[in-house]
Amino acid sequence: MQTKKPQIASIFAPKTPAPANLIPSSSPAFGTPAHSLKPFAIAPPTKATILPILLPPATLRPLAFRTFTKKHSLTLTSSALQELATFIGRHCGSGWREEGLAEKVLEEVAKSWKNRNGGVIVDGASNELKDILKTLEGNMSGGRITTGRELSRQNSLVLDSGQEADMTNTRLGLRPNKALTRGESNTSFGMSRLGVEEVEADNDEGLNHPRKWLKVISAYDQPRMLYNVARKHFEKDPSKPSLMPPASHKTTLFRNRYNVIHQRLLRNDSFQSSTVATTKAAPSLKRSNSSNLTAQQTYKITPIANLLGRHGSHHMLLGLLSVLPTGNLAINDLTGTISLDLSHAVSIPEDSAWFTPGMIVLVDGVYEEEEESTGKGLGGSNGVGGIIGGRFQGFFIGQPPCEKRKATLGVSGPDDHTIGGGFGWIDFLGVGSERAVGSKMRKLEQRILRRSRQAETPSTDLDADMPTYARVVVIGELTIDQPRALQALHKILTIYAAEPEGSSPMTFVLTGNFTQHAVMAGGGASGGSVEYKEYFDALASVLSDFPTLLQSATFVFVPGDNDGWASSFSGGAAVPLPRKPVPDMFTSRVRRAFAAANAEAGEKKCPGEAIWTSNPTRLSVFGPAHEIVVFRDDMSARLRRTAVHLKTSKPDAEENDQENEPPSTTTNDENSEDIDMANALDGTDAMDIDDDATQPVFSKTKETPTNPDEIPLDVRTARKLVKTVLDQGYLVPFRHAIRPTHWDHAGALHLYPLPTALVLADPTAPPFCVTYEGCHVMNPGPVLVAGRRGVARWVEYELGGVGRVRECLF
């Protein structure tokens with residue numbers, strides 16, 4: 001008999017019956033749960049509902065003015081204010097004022113804008129502002145910035161799509177595709193453009209190739225930076241570049257050059273006075289018993305306008321050498337101009353650099369005021385901003401001291417202590433800043449190059465003398481209208497094609513002039529453009545004989561003054577710099593040769609390519625880790641033609657035993673004690689000179705040797721050229737009438753900070769490899785050696801190391 005259950009309400013909720021097709025535990029003995037657990041199970045985030053509102057820009061204006069203008073010294077345009085009001089109204093809602101949501105958003109936008117070097121004016125139509133707001137939109141929840149730690153570490157910069165998806169999945173409680181590492185949370189300036197990621201071998205073999213991290217930066221693509229004196233910081237030029245800018249841009253060019261060298265000079269120890277000095281005497285150029293600088297021996301730069309009324313006083317000037325309409329030399333800075341007398345001046349150190357009009361130099365001397373201050377004839381305008389009456393009698397003249405790359409960027413190195421300040425966060429090339437991605441790119445470089453070295457040499461014992469892939473071959477003036485030049489190129493490529501597979505150089509740099517005469521202007525055989533194209537067709541036939549090199553290397557072509565189109569109206573004379581590459585219509589056959597070689601090799605992760613770039617150009621390898629500047633110019637010959645003749649302190653050969661003494665140009669006893677500014681201008685590292693062209697090891701030679709006559713003339717010429725260019729920090733330190741430049745693109749001619757390597761392709765100078773202040777300077781010279789028939793010459797540079805001049809017979 002079946003009994004009925006009493007109909008009594010239970011105090012517990014009835015259990016939900018299990019489904020009929022319940023899958024039991026697969027292993028009850030081990031306690032495996034019957035139902036799989038939810039992966040990465042966390043409580044779903046409670047996202048507060050925000051009711052969007054229409055926020056008028058006029059209502060947000062006081063808060064935006066207080067945040068951007070008062071706090072961060074930025075100026076908001078009406079379009080930018082409209083964008084911010086729309087964004088805050090949509091994502092912060094009605095609590096934008098009471099809960100302080102808008103203030104935090106504005107603060108984050110202002111910081112991100114400054115970190116991107118967006119300039120003083122915040123424009124609503126700029127891509128930078130749109131990227132910042134897009135990043136903030138993905139990191140806001142309930143009107144608040146939820147990922148506070150990651151966002152503050154990244155300074156609200158643009159994340160790539162993969163990073164955005166991972167962070168979004170994490171906020172939604174889903175497991176990200178890959179764990180966020182500490183390095184990725186510190187993604188900073190320029191990181192997204194570099195695409196720096198933790199490259200795994202199994203994920204993408206293409207990114208493990210060194211040439212994937214090689215970027216050729218044209219002079220017209222380089223960011224245009226201007227030094228802001230008030231903020232002591234570099235900023236992007238907000239104006240749009242033009243080949244025919246207004247005349248005011250020429251003034252901006254010279255002002256920026258002066259400001260960069262002036263701030264570099266003020267950071268030099270010799271121009272910084274001690275704050276604990278007990279004496280208030282004016283700094284003097286007297287030699288003390290000690291070899292070190294004392295408080296009285298620190299140098300001070302005097303503005304030219306401050307010379308008025310100080311007749312007979314001793315000063316040091318920093319200014320631009322120029323030529324007055326009367327033909328006399330003058331020196332001018334931002335405050336005025338004064339006539340300069342260098343008839344008794346001596347260069348410091350002796351015969352160490354060139355001095356030409358157009359250079360910014362240091363002059364030490366005495367101001368002499370005219371008895372009649374009223375000007376007569378040309379250049380008679382007096383006062384601040386004009387030509388100051390009188391003249392400046394210069395006794396010593398020198399180049400402004402150079403600054404190492406590490407000191408400029410403010411980074412620590414193996415040889416230096418940690419340096420504060422600097423411009424390490426500035427992205428000068430658009431490939432990422434040094435402090436943001438420098439250390440990570442160096443680790444990536446070591447890992448990739450080590451892996452490629454092990455791949456080409458599987459044995460555990462790696463031969464140190466074996467050629468490596470991280471090499472750059474620089475071939476000088478390649479005049480392809482000469483058959484012997486093509487034969488020399490064929491022999492050079494044969495040498496590298498015979499190397500083991502995988503160890504051939506990663507880059508070949510070929511510099512012009514590619515013709516001996518300006519063919520486009522009717523020079524030479526006057527074949528014009530048709531003949532010019534035939535020369536490159538002959539070059540393509542030579543390159544086609546080496547398909548393995550075309551498949552595994554990047555060929556960079558840098559034009560000269562005789563190349564088209566610029567030579568069609570210049571006739572081979574100096575054309576404005578920077579100049580654009582050779583047009584594609586002449587190089588189509590060369591590109592076809594590369595395409596055919598890559599098609600023959602099949603699918604490759606990193607095929608070879610030919611890049612026709614500007615002059616000058618820059619090669620960035622692994623971001624800011626390696627910066628190579630390539631410049632083709634007859635600079636040495638131009639310096640010899642335009643140099644200022646200076647007095648020598650040792651006219652007789654019998655005075656060689658007193659060469660190390662300071663030069664004396666006057667007979668007064670008080671002036672004979674003046675030092676030669678060597679403590680300030682000669683406090684640089686010794687140059688490393690390649691004495692033997694066949695040996696890659698360099699011998700270290702001091703800048704001031706015991707007997708300069710023992711040093712070969714070619715070495716002294718190389719030192720003089722290198723010191724002049726790097727101390728100026730500018731590739732074209734000439735007057736515009738001698739070497740014209742495009743005013744809006746002159747920023748590409750700056751060498752600040754110093755690159756890691758500089759290729760100065762100058763056929764008028766002897767070939768050399770010199771290291772000065774950490775910058776390795778190379779000159780391959782012409783590929784055909786003058787006076788030696790059947791000899792080809794080029795330079796082979798080891799990435800991060802030194803170069804060597806190589807020769808071969810053909």
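Here is a friendly note on the side-chain contacts in this predicted model.

1. Let's start with the aromatic rings. A search of the whole structure turns up 20 aromatic pairs. One of them joins F514 and F557, whose ring centres are 6.4 Å apart and whose planes meet at 55 degrees, a tilted arrangement. It is worth finding both partners in your viewer: F514 sits in the loop between β15 (507-511) and α13 (528-543), while F557 belongs to strand β16 (residues 554-558). The two are 43 residues apart, and the pair links distant parts of the chain.

2. Are these two rings buried or exposed? F514 has a relative accessible area of 0%, so it is buried. F557 comes out at 1% relative accessibility and counts as buried too.

3. F557 has a second partner to look at. Its ring and that of W612 have centres 3.9 Å apart and planes at 10 degrees, so this pair is stacked. Here again distant parts of the chain are linked: F557 is in strand β16 and W612 in strand β17 (residues 609-612), with their positions 55 residues apart. W612 is buried, at a relative accessible area of 9%.

4. Now try showing the wider group. F514, Y532, F536, F557, W565, F586 and W612 form one aromatic cluster. Both pairs described above can be found among its members, F514 with F557 and F557 with W612.

5. Rings can also have a charge over them. The charged end of K580 sits over the ring of Y220, 5.5 Å from the ring centre. In a second case, the charged end of R638 sits over the ring of F734, at 5.6 Å from its centre. Keep R638 in mind, as this residue returns below.

6. Next, the salt bridges, of which the count is 26. In one of them the side chains of D351 and K720 meet, with 2.7 Å from N to O. D351 lies in the loop between β11 (346-348) and β12 (360-368), and K720 lies in helix α19 (residues 713-728), so this salt bridge ties together parts that are 369 residues apart in sequence. K720 has a relative accessible area of 13%, so it is buried.

7. How exposed are the partners in another salt bridge, the one between R442 and E434? Their side chains meet at 2.7 Å, N to O. R442 is partly exposed, with a relative accessible area of 32%, whereas E434 is buried at 8%.

8. Back to R638. Its side chain meets that of D633 in a salt bridge (2.9 Å, N to O), and both residues are buried. R638 therefore has two contacts to show on screen: its charged end over the ring of F734 and its salt bridge with D633.

9. Some salt bridges join up. R471, E499, E796, R804 and R806 are linked in a network of them.

10. Finally, the cysteines. How many disulfides does the structure hold? The number is 0. C775 helps to show why: the closest cysteine sulfur, in C402, is 7.8 Å from the sulfur of C775, which is too far for a bond. A disulfide would need the two sulfur atoms within 2.5 Å. C775 is buried, at 0% relative accessibility, and C769 is buried as well, with a relative accessible area of 1%.

Definitions and conventions: Residues numbered from 1 in each chain as written. Predicted model: local features only at pLDDT ≥ 70, side-chain atom pairs only at ≥ 80, totals over all residues. Heavy atoms only, no water. Phe/Tyr/Trp six-rings, centres within 6.5 Å; stacked < 30°, edge-to-face > 60°. Helix = DSSP H or I, 4+ residues; strand = E, 2+ residues; numbered from the N terminus. Buried < 20%, exposed > 50% of the residue type's maximum accessible area, 1.4 Å probe, protein only. Lys NZ or Arg CZ within 6 Å of the ring centre and 35° of its normal. Salt bridge = Lys/Arg side-chain N within 4 Å of Asp/Glu carboxyl O.
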